[in-house]
Amino acid sequence: MNEQELRSQLKSIVAEIIEVDDFGDDENFVTDLGVDSMMALEIVARIEKTYRIRIPEEYLPEVKSLNDVTRIVTQVMQPISG
């Protein structure tokens, strides 16, 4: 899966939870889209379940836009080299 496909899938997940279909990649979930903390936790939980990943708690404050979500999920999904 390339980044564009991942971004599209993540946008669908976020759109379903916040019930807003049309939003920009840089729009702030809280100030622009009215996402509250419970919705943010639901977004993270749904992403973790869908991709079978674990997003560390320290990333949660960074979940502010679709660009942020895409970046974080990409980082978490990176294979550990070494």
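Helices are taken here as DSSP runs of at least four residues, numbered from the N terminus. By this assignment Asp68 belongs to helix H3. The model described is a predicted one.

Helix H1 comprises 16 residues, from 3 to 18. The distance from its first C-alpha to its last is 22 Å, close to the 22 Å expected at 1.5 Å a residue. At the N-terminal end, H1 is capped by Asn2, which places a side-chain oxygen 3.0 Å from the backbone nitrogen of Gln4. The buried residues of H1 are Leu6, Arg7, Leu10, Ile13, Val14, Ala15, Ile17 and Ile18. Two helices form the surroundings against which the buried residues of H1 pack, namely H2 (37–51) and H3 (66–77).

The packing of two helices is described by the angle between their axes and the distance between the axes. For H1 and H2, the axes come within 10 Å and cross at roughly 135°. An angle over 145 degrees would count as roughly antiparallel, and one from 65 to 115 as roughly perpendicular; H1 and H2 are therefore oblique to each other. Their crossing is right-handed. On the H1 side the contacts are made by Leu6, Gln9, Leu10, Ile13, Val14, Glu16, Ile17 and Ile18. These residues meet Met39, Glu42, Ile43, Arg46, Ile47, Thr50 and Tyr51 in H2.

The axes of H1 and H3 likewise come within 10 Å, and they cross at roughly 120°. This angle makes H1 oblique to H3. H1 passes H3 in a right-handed crossing. The contacts of this pair involve Glu3, Leu6, Arg7, Leu10 and Lys11 in H1. Their partners in H3 are Leu66, Asn67, Val69, Thr70, Val73, Thr74 and Met77. Leu6 and Leu10 are listed among the H1 residues that meet H2 and also among those that meet H3.

Positive phi values occur in the loops. Glu19 follows just after H1 and is found in the loop between H1 and H2. Its phi is near 60°, a positive value in a residue other than glycine. Glu19 has a relative accessible area of 72%; since exposed means over 50%, this residue counts as exposed. In the loop between H2 and H3, Arg52 has a phi near 50°, again positive in a residue other than glycine. The relative accessibility of Arg52 is 79%, so Arg52 is exposed as well.

The loop between H2 and H3 also holds Val63. With a relative accessibility of 14%, Val63 counts as buried, the limit for this class being under 20%. Leaving aside neighbours within four places in sequence, Val63 is in contact with Phe29, Val44, Asp68, Val69 and Ile72. Val63 and Asn28 are separated by 35 residues in sequence, and their C-alpha atoms are 9.1 Å apart in space.

Asp68 in H3, one of the residues in contact with Val63, has a relative accessible area of 19% and is buried. Apart from neighbours within four places in sequence, the contacts of Asp68 are with Glu62 and Val63.

Definitions and conventions
Residues are numbered from 1 along each chain as its sequence is written. This is a predicted model: local features need pLDDT of at least 70, side-chain atom pairs count only at pLDDT 80 or more; totals for chains, interfaces and linings use all residues. Side-chain values use heavy atoms; hydrogens and water are left out. The expected span of a helix is 1.5 Å times one less than its number of residues. Buried means under 20% relative accessible area, exposed over 50%, partly exposed in between (1.4 Å probe, protein chains only). Contact means heavy atoms within 4.5 Å. A polar contact is a pair of N or O atoms within 3.5 Å; within protein, one must be able to donate a hydrogen and the other to accept it, and residues adjacent in sequence count only if both atoms are side-chain atoms. Axes are lines fitted to C-alpha atoms, for helices over the stretch in contact, and angles run from 0 to 180 degrees between N-to-C directions. Angles under 35 degrees count as roughly parallel, over 145 as roughly antiparallel, 65 to 115 as roughly perpendicular and the rest as oblique. A crossing is left-handed if the near helix is turned anticlockwise from the far one by less than a right angle, and right-handed if clockwise.
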